Amino acid sequence: MTPPIESLIFDLLRNLFQKTGTPLNIQLTPDTPLTGSRGILDSLMFVQFLTELEKTIQCRIQDTSYTLLSIQLINSNEAIFKNIQSCCDYIVNILEESNS
């Protein structure tokens, strides 16, 4: 796991919960579920999270045309955003691909 990516996701999630006035009643860990029946994000918060995450990645790779909505994401059947760890792994792959 790449700690800076994990920290970035933790910060994005905390900021999102703060902006929406929704209490975050759990400790964020790599295993924290993001989506699904036990996920901490409802559908609206998930879209907001994706938007903020996409902006952050675009800044990191300096490509404003990059989008998270890709065939890989669509075909993932929610596996990419199952939990914070799987989300981190996905972002690390994106950043590695952009550097090659």
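**Buried positions, cysteines and an internal cavity in an all-α predicted model**

Ile80 counts as buried, at 9% relative accessibility. In this predicted model, Ile80 is found in the loop between α3 (71–75) and α4. The C-alpha atoms of Ile80 and Leu34 lie 9.7 Å apart in space, although 46 residues separate Ile80 from Leu34 in sequence.

A second loop position, Thr29, lies between α1 and α2. At 32% relative accessibility, Thr29 counts as partly exposed, whereas Ile80 counts as buried. Leaving aside residues up to four places away in sequence, Thr29 touches Phe10 and Ile84. Thr29 is also 8.9 Å from Asn83, C-alpha to C-alpha, with the two positions 54 residues apart in sequence. Of the contact partners of Thr29, one is Ile84, and residue 84 is where α4 (84–99) begins.

The chain as a whole contains four helices and zero strands, and its elements run α-α-α-α from the N terminus on. Of its 100 residues, 38% count as buried. Among contacts between residues at least 6 apart in sequence, 61% join residues at least 24 apart. The accessible surface of the chain comes to about 6200 Å², and carbon and sulfur atoms account for 51% of this surface.

Within the helices, Leu53 illustrates a buried position. Leu53 is found in helix α2 (residues 43–61) and has a relative accessibility of 0%, so it counts as buried. Leu53 and Leu12 are 41 residues apart in sequence, yet their C-alpha atoms are 7.4 Å apart in space. Leu12 falls within the span of α1 (3–20).

Helices α1 and α2 also take part in enclosing an internal space. The structure holds one cavity of 30 Å³ or more, and about 30 Å³ of space lies in the largest cavity. The lining of the largest cavity is made up of Ile5, Leu8, Thr56, Ile57, Arg60, Ile91 and Leu95. Helices α1, α2 and α4 each supply at least two residues of this lining. The largest share, three residues, comes from α2, the helix in which Leu53 is also found. By residue class, the lining divides into five nonpolar, one polar and one charged. Arg60 is the charged member of the lining and Thr56 the polar one.

The cysteines were examined for possible pairing. Which cysteine sulfur is closest to that of Cys87? The closest is that of Cys88, at 6.1 Å, too far for a bond. A disulfide requires sulfur atoms within 2.5 Å, and by this rule the count comes to zero disulfides. Cys88 is accordingly in no disulfide, the nearest cysteine sulfur being that of Cys87, 6.1 Å away. Are Cys87 and Cys88 buried or exposed? Cys87 counts as buried, at 0% relative accessibility. Cys88 is likewise buried, with a relative accessible area of 1%. Both values fall under the 20% that bounds the buried class. Residues 87 and 88 lie within the span of α4 (84–99), the helix that also supplies at least two residues of the lining of the largest cavity.

How values were computed: Residues numbered from 1 in each chain as written. Predicted model: local features only at pLDDT ≥ 70, side-chain atom pairs only at ≥ 80, totals over all residues. Heavy atoms only, no water. Buried < 20%, exposed > 50% of the residue type's maximum accessible area, 1.4 Å probe, protein only. Contact = heavy atoms within 4.5 Å. Areas by Shrake-Rupley, 256 points an atom, 1.4 Å probe, with all protein chains shown as cover. 1 Å grid on protein atoms, 1.4 Å probe; cavity = no way out; pocket = protein on both sides within 12 Å on 5 of 7 lines; lining within 4 Å. Points joined across faces, edges and corners; volume = space filled by probe spheres on them.
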